[in-house]
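Trainee: Could you walk me through this model and show me how each label is earned?
Mentor: Gladly, let's take the labels one at a time.

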Amino acid sequence: MSQPDFSHDGIRTARGTAFRYLFMLCALLSILTTVAIILTLLIDAVDFFAQVSLVDFLTGTRWSPTNEPIAFGVLPLISGTLVITIGSALVALPIGLLTAIYLSEYASDRRRAYLKPALEVLAGVPTVVYGYFALVYVTPAIDAILPVDLSTFNALSASIMVGIMIIPMVSSISEDAMSAVPDSLRQASYGLGATKFTVSTSVVVPAALSGIFSSFILALSRAIGETMIVAIAAGQTPRMIDLTDPAGMFLDSIQPMTSAMVQIGTGDIVGQGPAYKSLFAVGLTLFVITFVMNLISELVASRYREVYR
């Protein structure tokens, strides 16, 4: 009986140890990068709040960091970000969810193999291309079709393009969650006489609800942090939302937080002044908002996650 050959065990062990430390180094590098970004935002934001009241920053309704009278109220920027987020959600969430249902429950394996990669190509298109497309093509098309007075820079075209951009995130993650639902649940429903539509909407979607909700939150977080589309198509006019005219708030120029950061960062502003430091205060506010949204996503996913055996 031949003896097993252990001559290469030492090499395998050393190689495994090297890869383990390499992977650990990559994980530590990611953590250190995140910590460095947070510290950078905090240090400069603290300097800003030493010159500008935190209460005035969070409750002010006028944003004018360079023009007299100087004002650093962040609410108009949050309002602009909220408009873009709502508009993009109205586009991406229903289309992305319906696409995920089709790919998971209706499309054949052959068709899914072509459609899913083709859909995910949308996520690889540079956002600056989306922005110019919204400005040059979408805005004139909407202005020609709808009987409205649409500004050249407006929230509607920017919201549509941001929504199209995040559709692959919604559809891909939701489709993965639906595909993870065991076939035994589907077969049991079919055995009770349910139709495919009933199985898809009343069995599969509720069973994958935690993953679907997570895809919604992640997509909206991506929409909140989008920069180039809103900087090009939405304009640079910080203003509060007029709640009495919910449709009209999409027709005029606005300025989300990311667009304001671009304007400050590329403008001719003194590096140690409050105008420049406000960039980090706005960035910290944006970070807190996205962090809270992702935290809610994790809590909901852990609360409603289904475990199948």
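What follows is a talk about aromatic rings, burial, the nonpolar core and the domains.

Mentor: A word on ground rules: this is a predicted model, where local features need pLDDT of at least 70 and side-chain atom pairs count only at pLDDT 80 or more, while totals for chains, interfaces and linings use all residues. Residues are numbered from 1 along each chain as its sequence is written, and side-chain values use heavy atoms, with hydrogens and water left out.

Trainee: Why is the pair of Phe48 and Phe49 called edge-to-face?
Mentor: Rings of Phe, Tyr and Trp (its six-membered ring) pair if their centres lie within 6.5 Å; planes under 30 degrees apart are stacked, over 60 edge-to-face, and the rest tilted. The search of the whole structure finds 9 aromatic pairs. In the case of Phe48 and Phe49, the centres are 5.3 Å apart and the planes are at 65°, so the pair is edge-to-face.

Trainee: What makes the pair of Phe133 and Tyr137 tilted?
Mentor: Their centres are 5.2 Å apart with 35° between the planes, and an angle that is neither under 30 nor over 60 degrees counts as tilted. Both residues belong to helix H5 (residues 127-145), and because they are 4 residues apart there, about one helical turn separates them. Helices here are DSSP runs (H or I, at least four residues), as strands are (E, at least two), numbered from the N terminus.

Trainee: How do you know which of these rings are buried or exposed?
Mentor: Buried means under 20% relative accessible area, exposed over 50%, and partly exposed in between (1.4 Å probe, protein chains only). Phe48 has 0%, so it counts as buried. Phe49, at 25%, is partly exposed, and so is Phe133, at 41%. Tyr137 has 53%, so it is exposed.

Trainee: Why does Arg20 count as lying over the face of Tyr21?
Mentor: The rule asks for NZ of Lys or CZ of Arg within 6 Å of the ring centre and within 35 degrees of the ring normal. Arg20 lies 5.2 Å from the ring centre of Tyr21. Lys196 has its charged end over the ring of Tyr106, at 5.6 Å from the centre.

Trainee: What makes a set of residues a nonpolar core?
Mentor: It is a set of buried Ala, Val, Leu, Ile, Met, Phe, Trp, Tyr and Cys residues joined through side-chain atoms within 4.5 Å. The largest one has 65 residues, and Trp63 and Met178 have the most contacts inside it. Helix H6 (residues 155-179) gives the most to this core, with 11 residues. Trp63 also belongs to an aromatic cluster with Phe48, Phe49, Phe57 and Phe72.

Trainee: How do you know that domain 1 and domain 2 touch?
Mentor: Domain bounds come from an automatic or database domain assignment, which gives domain 1 (13-50) and domain 2 (57-306). Contact means heavy atoms within 4.5 Å, and 9 residues of domain 1 are in contact with 10 residues of domain 2. Buried area is the accessible area (1.4 Å probe) that two parts lose on being put together, summed over both. Between these domains that area is about 880 Å², with 87% from carbon and sulfur atoms. Leu41, Asp44 and Phe48 supply 61% of the area that domain 1 buries against domain 2, more than any other three residues.

Trainee: Why is Thr85 called buried?
Mentor: Its relative accessible area is 10%, so Thr85 is buried. Thr85 is found in helix H3 (residues 75-106), and it touches Leu220 and Ile224, not counting residues up to four places away in sequence.
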